[in-house]
Amino acid sequence: MQPILKFNLSTGNSEEYRIPETWEKQFLGGASLAARLLYDSLTPSLDPFAPEAPLLFMTGPLTGTSGPTTGRFVICGLSPATGLWSESHIGGFWGPELRSAGYDGLWLTGKADRPVYLWINEGKIEVREAGHLMGKDTYETQDLVKAEVGVKGMRVCVIGPAGEKQVLYASILSDHGRLAGRTGLGAVMGSKNVKAVAVHGTNKIPVFDLTAYMPLRSEANRTLKQDNEAHILHELGSAGAANYAEYLGQMPVKYYSQGAFPEVDKVSGSMMTESILAGTSACQGCVIACGRVVKLEDGNKRKGPEYETTVAFGANLLNSDLSAVVRLGELCDRYGMDTISAGNTLGLAFTLFEQGVLTRSDTDGLDLAWGDVAVIEQLLHKIGRREGIGDLLALGSRRFGAHFKSEEKAVQVNGLEVAYHDPRGVSGMALSYATSPRGACHNQSDYFFVEWGHIFPDLGIDFYERQGGAEKAANVARHQDWRTVFNALTMCIFANVDPAMQVKLINTACGLDWSLEDMMQAGERAWNLKRAINNRLGLTRANDKLPKALLEPLPDGGSAGFIPDLPAMLDAYYTVRGWDPESGRPTKERLLALGLDDIAADLWP
Amino acid sequence: MTAVFPSPEWLEGLKDKLNADERYREIAKNWEGDLFFFIEPEGNLKEQLTFYLDLWHGTCRGAEFSADPLKYPKPVFTLRARYNDITAVLLGKLNPMSAMMTSKLKVSGSMGYMMRNVPTVLDFVRCANEVTKEIV
């Protein structure tokens with residue numbers, strides 16, 4: 001591996017950190033290796049906004065190698081939203097560019113004494129003034145930094161006003177509209193006074209055996225190009241799933257309180273393609289190109305929404321105006337805010353207003369009427385600026401609900417808002433949300449794809465009834481391990497790559513001789529490591545839960561009458577995982593079996 | 001009526017089923033699209049098999065076994081599968097969505113139309129399951 005660039009913003013000291021070889025082999029890279037690197041520094045007393053809090057930008061061993069969807073990177077640290085392990089994955093070109101600059105990661109600590117941006121060029125880091133960039137939105141900031149640095153081919157990732165003002169779901173963006181949306185790491189970057197990180201490099205990205213790797217990546221990309229799922233994503237974007245998700249009762253409607261959304265087609269990927277689509281966009285080396293470019297009435301081309309944003313500002317808030325969804329998504333991007341959490345927190349506000357818990361005196365005089373796009377837009381501005389009611393909404397649904405003595409109504413797990421895949425329609429998501437290391441996340445295991453039939457028999461990931469129970473616990477655990485491998489490689493979960501091919505890509509890129517099971521164990525190892533980090537931060541079995549709203553059956557729609565049997569599912573899951581049912585920790589035996597001896601000693605002194 | 005797959009009788013039985021099934025008629029009432037199937041040889045199927053179905057507003061307007069692709073140059077959807085995979089779907093051993101998600105059933109055509117009409121597709125497969133007596 002190439003070194004990690006460690007940089008202390010308080011002192012200006014930099015260091016090239018070499019990763020121990022054993023850790024490379026145990027964790028590969030990406031979020032898994034980041035968890036190992038940050039284990040010691042993520043302590044219960046650490047304030048995520050304290051100067052000593054780390055912010056680690058990591059790539060993986062396939063990043064930038066033109067393998068299947070390998071243009072991504074991940075940002076890790078301590079989440080200000082959850083107080084737990086945080087990883088947020090992002091596409092674009094920034095990760096490959098960092099590797100070309102000679103580093104496999106950027107590890108920030110400390111706090112700059114004034115607003116700055118970092119310029120990493122061919123192995124050298126420079127701190128530049130960013131006072132003039134403060135308050136600028138993410139799109140403007142990217143343009144300004146690029147113009148100022150003026151190096152062709154450079155890439156930049158930035159925060160917006162939401163990150164500067166520490167909105168707890170502030171995101172980090174790069175390459176226009178690619179973003180690390182979840183868990184609020186944009187706020188951590190803001191707390192360090194870092195507005196942007198620009199990178200440029202021309203080095204060749206290291207691959208252990210390039211001669212063997214090249215034909216494999218060609219074959220993998222060729223196969224991926226012919227894949228049905230890739231066709232759907234290319235043609236329709238991820239919102240192409242909207243109609244089917246609504247049919248299954250997977251798509252939350254009216255803040256998870258309604259089972260059906262008859263107007264779903266108006267805000268679907270199919271409709272987007274047939275009405276406003278003007279092109280597609282892709283991350284580095286990606287043959288899918290799921291990104292949308294749309295054209296609205298003003299004639300300007302802009303980023304189109306993916307599934308989560310489409311639901312956040314569509315069915316979730318009872319809005320069926322696709323153009324409005326596009327604009328609201330763009331507003332979040334410009335402020336630098338996660339659309340899932342923003343939409344979810346607004347959904348709670350609208351619910352509480354409807355129930356009379358909130359009144360106009362709480363909302364700066366606004367009537368929170370479902371589907372009122374103008375009101376939604378005003379509220380997003382207020383959040384991004386932390387003005388009026390927006391200052392409370394900026395704290396996310398758990399804290400917003402608690403402020404109005406309604407925390408139990410917030411649809412969140414451990415402080416992270418539930419993504420738009422309702423476990424009443426696809427029950428495996430109950431375990432995905434309840435046990436994810438970063439709160440209610442769909443990217444640690446997008447198990448709904450398995451419920452749709454996207455199975456991996458070679459890995460023991462098979463098809464179960466979508467409204468089943470404990471019998472699918474082992475399946476979910478295997479899928480989490482599989483996706484943890486993706487998150488270590490920084491591969492996109494949209495890549496339907498055959499597991500046998502995946503192993504070959506890893507082996508040739510890293511100089512390993514792994515079997516399928518070795519690969520899966522690497523996933524399981526990192527899953528348990530992240531669990532151990534969270535256990536140290538105070539997480540117990542009591543945290544493995546679902547919000548009340550998801551445990552009440554809906555009268556209509558594709559999930560009508562069903563709720564997941566979470567207690568039974570968790571019992572089975574704990575058994576499969578080898579976790580202690582009392583403490584919620586991985587058992588000492590399990591940790592030792594995974595080669596995590598030092599973690600075992602720490603967790604079970 | 002049930003019949004052995006693959007056979008002209010099976011396809012005729014499927015056509016009759018689609019035209020008689022009230023549930024299919026309701027779910028597929030907005031469907032407008034013909035399907036051309038290529039089944040690749042495998043196991044007991046020694047040569048490529050083709051068949052064609054013209055589906056329109058919850059009915060089947062036409063069906064042709066061993067259809068010539070040149071006769072139907074622009075079907076709304078072209079579907080390709082290996083024999084063992086298509087028979088697994090017809091016997092209910094392979095979920096049709098799983099067949100699609102894992103590309104065992106390759107689909108060419110408007111994905112937007114397909115994703116919008118998944119319930120119709122699933123009910124079409126139900127009808128096909130119900131007319132399949134056995135597999136050669």
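## Helix α20 of chain A

In this predicted model, the buried residues of α20(A) are A:Gln502, A:Val503, A:Leu505, A:Ile506, A:Asn507, A:Thr508, A:Ala509 and A:Cys510. They pack against two helices of chain A, α7 (210–225) and α21 (516–536).

Helix α20(A) covers residues 499–510, 12 residues in total. From its first C-alpha to its last it reaches 16 Å, close to the 16 Å expected at 1.5 Å a residue. The residue that follows the helix is A:Gly511, which has a positive phi, near 70°.

## Overall form of chain A

Chain A contains 24 helices and 17 strands. Its C-alpha trace spans about 60 × 55 × 50 Å along the principal axes. The radius of gyration is 22 Å, which agrees with the value near 25 Å that a compact globule of 605 residues would have.

Of the 605 residues of chain A, 63% count as buried. When contacts in chain A between residues at least 6 apart in sequence are considered, 70% join residues at least 24 apart.

## Domains of chain A

The assignment divides chain A into domain 1 (4–200), domain 2 (226–410) and domain 3, the last made of two segments, 417–499 and 522–603.

Domain 1 and domain 3 of chain A have C-alpha centres 27 Å apart. Their contact takes 36 residues from domain 1 and 27 residues from domain 3. On the domain 1 side, α1 (21–27), α2 (30–38), β4 (73–78) and β5 (85–90) of chain A each supply at least two residues. Helix α2(A) gives the most to this side, with 6 residues. By class, the side of domain 1 that touches domain 3 has 15 nonpolar, 17 polar and 4 charged residues.

## Contact between chains A and B

The contact between the two chains takes 21 residues from chain A and 15 residues from chain B. In chain A, the elements that give two or more residues to the side touching chain B are α8 (228–236), α9 (242–248) and α10 (269–275). Of the elements, α8(A) gives the most to that side, with 6 residues.

Sorted by class, the side of chain A that touches chain B has 8 nonpolar, 8 polar and 5 charged residues.

Key. Residues are numbered from 1 along each chain as its sequence is written. Chains are lettered from A and ligands numbered from 1 in the order in which they are written. This is a predicted model: local features need pLDDT of at least 70, side-chain atom pairs count only at pLDDT 80 or more; totals for chains, interfaces and linings use all residues. Two residues are in contact if their C-beta atoms, placed from the backbone, lie within 7 Å. Helices (H or I, at least four residues) and strands (E, at least two) are DSSP runs, numbered from the N terminus. Ala, Val, Leu, Ile, Met, Phe, Trp, Tyr, Cys and Pro count as nonpolar, Asp, Glu, Lys and Arg as charged, and the others, Gly among them, as polar. The expected span of a helix is 1.5 Å times one less than its number of residues. A residue is buried if 20 or more other C-beta atoms lie within 10 Å of its own, exposed if 12 or fewer, and partly exposed in between; C-beta atoms are placed from the backbone. Domain bounds come from an automatic or database domain assignment. The radius of gyration is taken over C-alpha atoms; the globule rule is 2.2 Å times the number of residues to the power 0.38.
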